[in-house]
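Let's take a walk through a protein model together. Keep the picture open while you read, and look for each residue as it comes up.

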Amino acid sequence: MSEFTDDLDDLETAEDFLRYFHVTYDQRVVNVNRLHILQRFHDYLSADGGMEGLDDDGMSSRYRVHLERAYLDFVVSNAIAEKTFKVHKEEARKMADRFVPLDSLLGSPVG
C-alpha cells in the first residue's frame, strides 16, 4: 500500500479531506452540504479514467482537483439543484412529470 493510500484511510470527514488536499473552504457551506460534497467527489473520481499508473503525487493532485470541483459545485448551487443523490434525481423527475403548460390550461385562444 502506498503512503497516499495510507493517508486516505485516515480521512473521515469532509473537513479532513478538504484540509488534507489543501482546499480552502467555508465551514457554512460544508455544514449544509458535507455528504453531497463527498458524494460528488466520489462521482468525479469514478468518472476519471486517467488515473491508472499515476504515482502518489499525481494521484494526490488529481484527487485535489476533483475535491475542489465538488466543493465549488455547492458554493454556487445547492443539493437539490445539483441532484447529487437518488432522492433528488427522483424528485426532479416527478416535478417534470407534473409540469402542465399554461396554454393547455387556458384552452384555445378566443379569436
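Before we start, one bit of vocabulary: a residue is called buried when its relative accessible area is under 20%, exposed when that value is over 50%, and partly exposed in between. With that in hand, here is the overall picture: of the 111 residues of the protein, 28% count as buried. Keep in mind that this is a predicted model.

**The overall layout**

What kinds of secondary structure does the protein have? There are 7 helices and 0 strands. If you read along the sequence, the pattern is α-α-α-α-α-α-α.

**Salt bridges**

How many salt bridges turn up in a search of the whole structure? The search finds 6. Among them are the three in this table.

| Pair | Closest N to O distance |
|---|---|
| Glu-15 and Arg-34 | 2.7 Å |
| Arg-19 and Asp-16 | 3.0 Å |
| Glu-68 and Arg-64 | 3.0 Å |

Start with the salt bridge between Glu-15 and Arg-34. This pair links distant parts of the chain, with Glu-15 in helix 2 (residues 14-20) and Arg-34 in helix 3, 19 residues apart. Is Glu-15 buried or exposed? Its relative accessibility is 9%, so Glu-15 counts as buried. Arg-34, on the other hand, is partly exposed, because its relative accessible area is 27%.

Now stay in helix 2 and find Arg-19 and Asp-16, which both lie there, 3 residues apart, or about one turn of the helix. Their side chains meet in a salt bridge. Arg-19 has a relative accessible area of 47%, so it is partly exposed. Asp-16 has 21%, which makes this residue partly exposed too. Why does 21% not count as buried? Because buried means under 20%.

The pair Glu-68 and Arg-64 sits in helix 4. These two residues are about one helical turn from each other because they are 4 residues apart in that helix. Glu-68 is partly exposed at 29% relative accessible area, and Arg-64 is partly exposed at 27%.

**Looking inside**

Helix 2 also holds Leu-18. How much relative accessible area does Leu-18 have? The value is 0%, so Leu-18 is buried. Now look for Tyr-71, which is 53 residues away from Leu-18 along the chain: the C-alpha atoms of the two are separated by 8.7 Å.

Move on to helix 3, which covers residues 27-47 and includes Arg-40. You might expect to find a charged side chain on the outside, so check this one in the picture. Arg-40 counts as buried, because its relative accessibility is 9%. What does its side chain touch? A polar contact of 2.7 Å joins the side chains of Arg-40 and Asp-73.

Tyr-44 is found in helix 3 as well. With a relative accessible area of 13%, Tyr-44 is buried. Its C-alpha atom and that of Val-65 are separated by 9.5 Å, while the two residues are 21 residues apart along the chain.

**Out on the surface**

Which residues gather in a patch of negative charge on the surface? They are Glu-3, Asp-6, Asp-9, Asp-10 and Glu-12. One of them, Asp-9, lies in helix 1, which spans residues 3-9. At 52% relative accessibility, Asp-9 counts as exposed, because the cut-off for that label is over 50%.

There is a nonpolar patch on the surface too, formed by Leu-72, Val-75 and Val-76. Together they have about 280 Å² of accessible area. Val-75 belongs to helix 4 (residues 56-75). Its relative accessible area is 39%, so Val-75 is partly exposed.

**A loop residue to finish**

Last stop: His-22, whose place is in the loop between helix 2 and helix 3. What sign does its phi have? His-22 has a positive phi of about 55°, although it is not a glycine. The residue counts as exposed, because its relative accessibility is 63%.

Note on methods: Residues numbered from 1 in each chain as written. Predicted model: local features only at pLDDT ≥ 70, side-chain atom pairs only at ≥ 80, totals over all residues. Heavy atoms only, no water. Patch = residues over 30% accessible without salt bridge, like charges linked within 9 Å, V, L, I, M, F, W, Y side chains within 5 Å. Areas by Shrake-Rupley, 256 points an atom, 1.4 Å probe, with all protein chains shown as cover. Salt bridge = Lys/Arg side-chain N within 4 Å of Asp/Glu carboxyl O. Lys, Arg positive; Asp, Glu negative; His and termini not counted. Charge placed at Lys NZ, Arg CZ, Asp CG, Glu CD. Buried < 20%, exposed > 50% of the residue type's maximum accessible area, 1.4 Å probe, protein only. Polar contact = N/O pair within 3.5 Å; in protein donor to acceptor, adjacent residues only side chain to side chain.
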